[in-house]
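Hello,

I am passing this structure on to you, as promised, with some notes on what turned up in it. Have a look at it first, and then read on.

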Amino acid sequence: MGVEKDKEGEEKNETEREMLYCPVCGSPNVEWLLPQIWSKWVCKDCGYIGVLILEDGKIAAELRKEWKEKHGTP
Ligand SMILES: [Zn+2]
């Protein structure tokens, strides 16, 4: 208790940014389909296209595990 190491520094700001994940495979490799139509997302890993996007990294990790079990590791 009370001992905290402070070595992350700038990296911490990056991780505090909201990460977005594919709701199908849990991959963080998602992008807007078109920059102008930012309500649609595309996943570069599984090819998902849709409006749903996942913001919870824990759920994404679970999905990713399941997806890898189903589809095997590339
Ligand atoms: Zn995906």
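Here is something to start with: leaving aside its neighbours within four places in sequence, which residues is glutamate 55 in contact with? They are Glu18 and Leu20. Glutamate 55 sits in the loop between β3 and α2, and its C-alpha lies 6.1 Å from that of tyrosine 21, although 34 residues separate the two in sequence. Is glutamate 55 buried or exposed? It counts as exposed, because its C-beta neighbours inside 10 Å number 11, and the cut-off for exposed is 12 or fewer.

Before going further, please keep in mind that this is a predicted model. The mean pLDDT of the chain is 82, with 73% of its residues at 70 or more. Confidence is highest in α2, at a mean of 95, and lowest in α1, at 52, so please read α1 with that second value in mind.

Now the overall layout. The chain has two helices and three strands, which follow one another along the sequence as α-β-β-β-α. Of its 74 residues, 14% count as buried. Among contacts with a separation of 6 or more, 37% are between residues 24 or more positions apart.

The three strands make an open sheet, ordered β1-β2-β3, with antiparallel pairing. Its edge strands are β1 and β3 (49-50), each of which pairs on one side only. Strand β2 (residues 41-43) is joined to β3 by two bridges, and the two run antiparallel. If you want a landmark there, tryptophan 41 stands opposite glycine 50 in β3.

Tryptophan 41 also belongs to the largest nonpolar core, which has eight residues: Tyr21, Cys22, Cys25, Val30, Trp41, Cys43, Leu54 and Ala60. This fits a broader pattern: in soluble globular proteins, nonpolar side chains tend to be buried together. Cysteine 43 is a good member of the core to click on. Neighbours within four places in sequence aside, cysteine 43 is in contact with Cys22, Val24, Cys25, Ser27, Asn29, Val30 and Tyr48.

One of those partners, valine 24, is worth a look of its own. Valine 24 is in the loop between α1 (11-16) and β1 (30-32). Not counting residues up to four places away in sequence, valine 24 touches Cys43, Cys46 and Tyr48. From valine 24 to tyrosine 48 the C-alpha distance is 7.0 Å, across 24 residues of sequence. Why does valine 24 count as partly exposed rather than buried? It has 19 other C-beta atoms within 10 Å, and a buried residue needs 20 or more.

Methionine 19 is found in the loop between α1 and β1 as well. With 14 C-beta neighbours inside 10 Å, methionine 19 is also partly exposed. Again leaving out residues up to four places away, methionine 19 touches Pro28 and Gly57. The C-alpha atoms of methionine 19 and leucine 54 are 8.5 Å apart, with their positions 35 residues apart along the chain.

That leaves helix α2 (residues 57-71). How does its length compare with what its 15 residues should span? At 1.5 Å a residue the expected value is 21 Å, and the end C-alpha atoms are 20 Å apart, which agrees. Only one of the 15 residues of α2 is buried, so the helix lies largely in the open. Lysine 65 is in α2 and is exposed, with 11 other C-beta atoms within 10 Å. Even so, the C-alpha of lysine 65 is 8.2 Å from that of cysteine 25, 40 residues away in sequence. After α2 comes glycine 72, with a positive phi near 75°.

Do write back once you have had a chance to look through it.

Best wishes

Methods: Residues numbered from 1 in each chain as written. Predicted model: local features only at pLDDT ≥ 70, side-chain atom pairs only at ≥ 80, totals over all residues. Helix = DSSP H or I, 4+ residues; strand = E, 2+ residues; numbered from the N terminus. Contact = placed C-beta atoms within 7 Å. Pairing = 2+ DSSP bridges. Expected span 1.5 Å × (residues − 1). Core = buried A, V, L, I, M, F, W, Y, C linked by C-beta atoms within 7 Å. pLDDT = per-residue confidence, 0-100.
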